[in-house]
Amino acid sequence: MMAGAFLAIAVLELIGAAVFTLLCAEPKRWGLAGKLGLSFGLGLVGLTVSLFLLSWGGIKPAWWLGVLVMIALWAAAFGFRRGQLAAWRPEKSARRSPPPKGWEKILEWTLLAFIAGICAVVSAVSLLEPLVEWDVLAIWAMKAKVLLHEPASLSGYFTDVSKAYSHLDYPLLWPMAMAWVWTWTDQSDLLAVKALAPALLCSIVALFFGLLRRKHSRTHALVFTALLAGVPMLLSQTSRLMSDAPLALFVMGAFICCYLWLESSHPDDLRLAGVLAAGMLFTKNEGIGLLAILALIAAMAIVAQRRMKLFVPAVVWLAAVPLLLTAVWFVFRLGIPKVHEDYGGRINPVHFLTNASRGPEVLSGSLGVLGNWNDWLLLWPLAALGLAVAPMNWLRRPGIYLFLAATLPLLMYGYVYVVSPWDLKELMETTANRLLLHVTPLWVFFLAEQAEAAQLLPFGRPSRTRG
Amino acid sequence: MSKKRRPANEAKKVGAPSAPVNFFSWVVLAVLIVMLLWSCRAFFDYGDLGSRLSGKTMVERGYLGSDEWHNFLARAGRARTQALYAEARRRGIPEQQRSRVAAGWAWIVETEKELAPDATIYLNFASSLHYYYGSTIWYPRRLDVNTERRSIRDEETLERNAQPMDASQVGTLRALGYTHIVTAAPQGARLIDLRRMLDLVGGATP
């Protein structure tokens with residue numbers, strides 16, 4: 001059973017590798033860890049969007065359909081990107097950075113052992129523990145089972161208000177990924193589907209390291225990857241298959257690739273940001289607001305730098321591509337009855353002003369969450385320190401874009417808490433930590449940038465952007 | 001970037017080490033080290049949980065996985081549950097606590113074996129745990145709390161729209177196609193096969 005689940009993950013990763021090869025004209029700009037992390041994210045988007053389109057067309061997900069998608073994508077990669085395939089060959093690491101000093105080498109090995117050890121121990125527990133998390137069972141696994149048993153277009157589930165507690169209009173990337181694993185195990189086993197957890201955790205860690213390595217030395221990248229890998233909230237939510245963890249992966253990929261593009265102007269970075277942004281839209285409804293923030297930051301940067309020739313590619317990749325890739329889902333969603341929260345209808349500032357008295361309560365509740373040692377250790381006090389040290393680094397371009405990327409989603413969530421009609425204490429108790437997870441990798445990346453810009457660590461080396 | 005942008009090396013000068021930055025740099029380094037050292041606790045927490053999970057059946061592992069009193073993962077991200085656990089620890093009674101969620105999860109998973117693939121089940125009491133988990137774990141078998149499709153968004157609407165049946169209405173349920181009924185029991189819940197029940201009381205079985 002588990003062998004089938006791991007095969008499903010392998011095919012997903014291969015689909016992502018093909019998408020990566022197709023998107024990148026210069027894949028050598030990425031190290032192996034970055035490539036593997038990106039492949040998982042791109043594979044999730046490529047596979048689940050394809051399977052949803054088929055499901056919408058009346059065809060249930062099947063293992064062979066995914067294999068066909070993989071063959072088609074690799075055929076396209078061989079056809080159009082033959083020259084880029086060599087980038088997948090292992091390369092000599094010494095080529096990129098000077099060999100570390102003695103103590104740095106020890107530090108690197110220690111950090112690497114820490115990261116590998118934490119991924120291994122969390123993965124082992126994830127594979128031993130079946131699917132038990134409340135929201136995952138009630139919402140995401142419910143949808144996964146529906147998608148596994150019947151095509152989306154023919155299923156009565158999406159209009160069945162007696163199952164409205166499972167949020168009928170929530171996007172289908174994560175449930176489709178779960179259904180995909182089950183197509184390889186013959187039955188919807190509560191244990192086999194957990195194979196997604198180690199893959200997700202390792203991908204988040206690998207992608208984060210790969211993104212950091214685009215700009216920083218290996219020691220610096222390892223320190224901050226270890227910092228992220230040690231955050232209890234990330235480990236627990238990934239291990240339990242909460243959908244906030246894949247959303248954090250997409251938010252990290254889309255925003256940081258866009259940030260790198262604003263520095264490098266390399267089209268590969270923009271293309272990756274666009275496809276990963278589609279993942280945000282198809283994972284959770286929050287993705288709509290997050291995409292708006294991403295587009296806003298990109299527009300601000302282009303205007304501020306007076307580089308109007310970048311405007312068209314930005315519109316194409318940060319708006320048109322994500323919306324086109326998920327267009328069928330949004331059309332399908334129109335037919336789903338709205339019986340739950342309608343935050344879209346409450347965005348009006350009138351609601352905000354009417355509920356402004358909730359502001360202080362939101363603020364105090366947020367401080368309580370940010371200071372929760374069990375879930376976050378010292379991450380948020382550390383982030384505050386990062387802001388306090390050398391503020392000129394993040395008040396100026398390009399640091400300001402990263403700061404906005406990490407901060408605006410929090411303001412958006414704060415706004416939603418204020419306009420929401422529900423009991424605030426209860427709402428924040430169940431959601432605040434998870435929403436915070438969406439931007440956690442962005443904040444750790446921000447800290448890494450701050451630490452290097454202000455030379456806070458003894459092993460900082462000059463920044464560099466490949467490409 | 002724009003041609004007018006400050007060069008990267010100049011940017012460094014602004015944030016370059018000065019007396020206060022040096023102080024902060026040591027503070028940041030200290031906090032980083034504390035955080036990384038404290039993160040090592042994950043090895044013990046996950047290691048201990050892994051050792052308790054290994055060698056057990058899937059149902060036992062699921063029970064432990066759902067048990068907020070004996071599994072830190074079941075409390076993760078939930079401040080109120082963490083506070084309750086801390087209070088129980090302070091009073092020295094966490095071992096005596098029993099998880100309702102864990103018991104419900106285990107019962108639903110074990111009961112699945114008794115259900116035919118085409119079974120249709122009626123939940124005769126308003127329990128979000130049994131309704132939500134049962135709907136997923138028993139799928140594609142249908143689980144209802146009302147013979148009509150009423151909107152159930154949360155515990156409040158579940159309480160309001162659940163329609164418990166009394167013994168005299170068993171025949172009605174059967175006529176509507178339900179094969180099983182789940183009733184409340186002192187230990188949680190009980191699954192009853194409506195066809196056998198009607199046989200016992202002499203009712204007509206279609």
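**Exercise 1.** How many salt bridges does the rule find across the interface of chain A and chain B?

*Solution.* Keep in mind that this is a predicted model. Apply the cut-off: a side-chain nitrogen of Lys or Arg must lie within 4 Å of a carboxyl oxygen of Asp or Glu. Across the interface of chain A and chain B, three salt bridges result. Check a pair that involves A:Asp160 and B:Arg149: their side chains meet at 3.8 Å, N to O. Over all chains, the structure holds 26 salt bridges.

**Exercise 2.** Describe the interface of chain A and chain B by contacts and by area.

*Solution.* Start with contacts. Chain A contributes 79 residues, and these touch 67 residues of chain B. Next, take the area. About 6,400 Å² is buried between the two chains. Carbon and sulfur atoms give 67% of this area. Then look for the leading residues on chain A. A:Trp134, A:Tyr165 and A:Glu429 supply 11% of the area that chain A buries against chain B, more than any other three residues.

**Exercise 3.** Which parts of chain A does the salt bridge of A:Arg240 with A:Glu129 tie together?

*Solution.* Confirm the pair: the closest N and O atoms are 3.1 Å apart. Now place both ends. A:Arg240 sits in the loop between H9 and H10, and A:Glu129 in the loop between helix H4 (102-128) and helix H5 (134-149), so the bridge links parts 111 residues apart in sequence.

**Exercise 4.** Find backbone features in the loops at A:Leu241 and B:Pro140.

*Solution.* Read phi at A:Leu241. The angle is positive, about 65°, although A:Leu241 is not a glycine. Its loop runs between helix H9 (232-239) and helix H10 (244-264) of chain A. Turn to chain B. B:Tyr139 and B:Pro140 are joined by a cis peptide bond, with omega about 10°. B:Pro140 lies in the loop between helix H7 (128-137) and strand E2 (142-144).

**Exercise 5.** Which residues form the negative surface patch?

*Solution.* List them by chain. A:Glu361, A:Asp423 and A:Glu426 come from chain A, B:Glu155 and B:Glu159 from chain B. Locate one: B:Glu155 is in helix H8 (residues 155-161) of chain B.

Definitions and conventions
Residues numbered from 1 in each chain as written. Chains lettered and ligands numbered in written order. Predicted model: local features only at pLDDT ≥ 70, side-chain atom pairs only at ≥ 80, totals over all residues. Heavy atoms only, no water. Patch = residues over 30% accessible without salt bridge, like charges linked within 9 Å, V, L, I, M, F, W, Y side chains within 5 Å. Areas by Shrake-Rupley, 256 points an atom, 1.4 Å probe, with all protein chains shown as cover. Lys, Arg positive; Asp, Glu negative; His and termini not counted. Charge placed at Lys NZ, Arg CZ, Asp CG, Glu CD. Helix = DSSP H or I, 4+ residues; strand = E, 2+ residues; numbered from the N terminus. Contact = heavy atoms within 4.5 Å. Buried area = accessible area lost by both parts, 1.4 Å probe.
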